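Biologist: Before accepting any label placed on a model, I should like to hear the reasoning behind it. May we go through the labels one at a time?

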Amino acid sequence: MDLTECSTNSISSDDVIDRYFSSSERKYLDLLTWVEEEFSCAGLCTPIPYYLFSDINEGEPDGSCYTELKDWIDENFLTYGAVCIVAAIILLLEPIFACCLCCKSDKK
C-alpha cells in the first residue's frame with residue numbers, strides 16, 4: 001500500500017461521530033471534551049488508559065473523571081445551593097410577613 005492509498009482510506013473523527021453517535025448524543029460531546037481536558041481524566045466510572053474525546057497526544061489520563069467531577073461540583077455548587085435555600089426561605093416567609101402587616105390592628 002502506498003501513501004496515496006493510505007490518505008484516501010483515512011477516516012476522520014467527524015466520520016466516527018456521524019456513524020456512532022445519534023444527534024441527541026452529539027450535544028454532550030463538547031461537555032465530555034471539556035471534562036477530559038479540564039481534569040486530565042478519561043472514563044466517567046472506570047478509568048481508561050487513553051482519552052476518548054480529547055487529543056490523545058496529551059499522554060495518558062490521570063484516572064477516571066468521576067471523583068474529579070464530583071469534587072468540582074461539590075466545590076462550585078455548595079455556595080449556589082446555600083444561596084438558593086436562603087432565597088427559598090425568604091420567599092416562603094414573605095406571605096406570612098405580608099399577612100401580618102395587612103392584618104395588624106391599629107392601636108393609637
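The exchange below takes up the chain as a whole, then its helix α5, and then several single residues.

Modeller: Please keep in mind that this is a predicted model. The protein chain holds 5 helices and 0 strands, and its elements run α-α-α-α-α from the N terminus on.

Biologist: How many of the 108 residues are buried, as a percentage?

Modeller: Buried residues make up 12% of the 108 residues. The accessible surface of the chain comes to about 9200 Å², and 61% of that area belongs to carbon and sulfur atoms. Of the contacts with a separation of 6 or more, 15% are between residues 24 or more positions apart.

Biologist: How do you know what span to expect of helix α5, and what span does the helix reach?

Modeller: The expected span is 1.5 Å times one less than the number of residues. Helix α5 covers residues 65-103, which is 39 residues, and the expectation is 57 Å. From first C-alpha to last, α5 reaches 56 Å, close to that expectation. The helix does bend, by about 40° at Phe 77.

Biologist: What makes the pairing of Asp 74 with Lys 70 a salt bridge?

Modeller: The criterion is a side-chain nitrogen of Lys or Arg within 4 Å of a carboxyl oxygen of Asp or Glu. The closest N and O atoms of Lys 70 and Asp 74 are 3.1 Å apart, so the pair qualifies. A search of the whole structure finds 1 salt bridge.

Biologist: Where do Asp 74 and Lys 70 lie, and how many residues apart are they?

Modeller: Both lie in helix α5, 4 residues apart, or about one turn of the helix. An α-helix has 3.6 residues a turn, so residues three or four places apart point the same way.

Biologist: Why are Asp 74 and Lys 70 called partly exposed?

Modeller: Partly exposed denotes the range between under 20% and over 50% relative accessible area. Asp 74 has 40% and therefore counts as partly exposed. Lys 70 has 39% and is therefore also partly exposed.

Biologist: Why is Ser 64 called buried?

Modeller: Buried requires a relative accessible area under 20%. Ser 64 has 15%, so this residue counts as buried. Ser 64 is found in the loop between α4 (29-39) and α5. Leaving aside neighbours within four places in sequence, Ser 64 is in contact with several residues, including Cys 41, Leu 44, Cys 45 and Pro 47.

Biologist: And Ser 40, in the loop between α4 and α5: what is notable about its phi?

Modeller: Phi of Ser 40 is near 50°, a positive value in a residue other than glycine. With 28% relative accessibility, Ser 40 counts as partly exposed.

Biologist: What makes Glu 37 exposed?

Modeller: Exposed requires over 50% relative accessible area. Glu 37, in helix α4, has 53% and is therefore exposed. Glu 37 and Glu 58 are 21 residues apart in sequence, while their C-alpha atoms are 9.4 Å apart in space.

Biologist: Which residues make the nonpolar surface patch, and how do you know that Leu 93 may belong to a patch?

Modeller: Ile 85, Ile 89, Leu 93, Ile 96 and Phe 97 make the patch, of about 480 Å². A patch residue needs over 30% relative accessible area. Leu 93, in helix α5, has 35% and so passes that cut-off.

Methods
Residues numbered from 1 in each chain as written. Predicted model: local features only at pLDDT ≥ 70, side-chain atom pairs only at ≥ 80, totals over all residues. Heavy atoms only, no water. Helix = DSSP H or I, 4+ residues; strand = E, 2+ residues; numbered from the N terminus. Bend = angle between axes of the 7 residues up to and from the residue. Buried < 20%, exposed > 50% of the residue type's maximum accessible area, 1.4 Å probe, protein only. Contact = heavy atoms within 4.5 Å. Patch = residues over 30% accessible without salt bridge, like charges linked within 9 Å, V, L, I, M, F, W, Y side chains within 5 Å. Areas by Shrake-Rupley, 256 points an atom, 1.4 Å probe, with all protein chains shown as cover.
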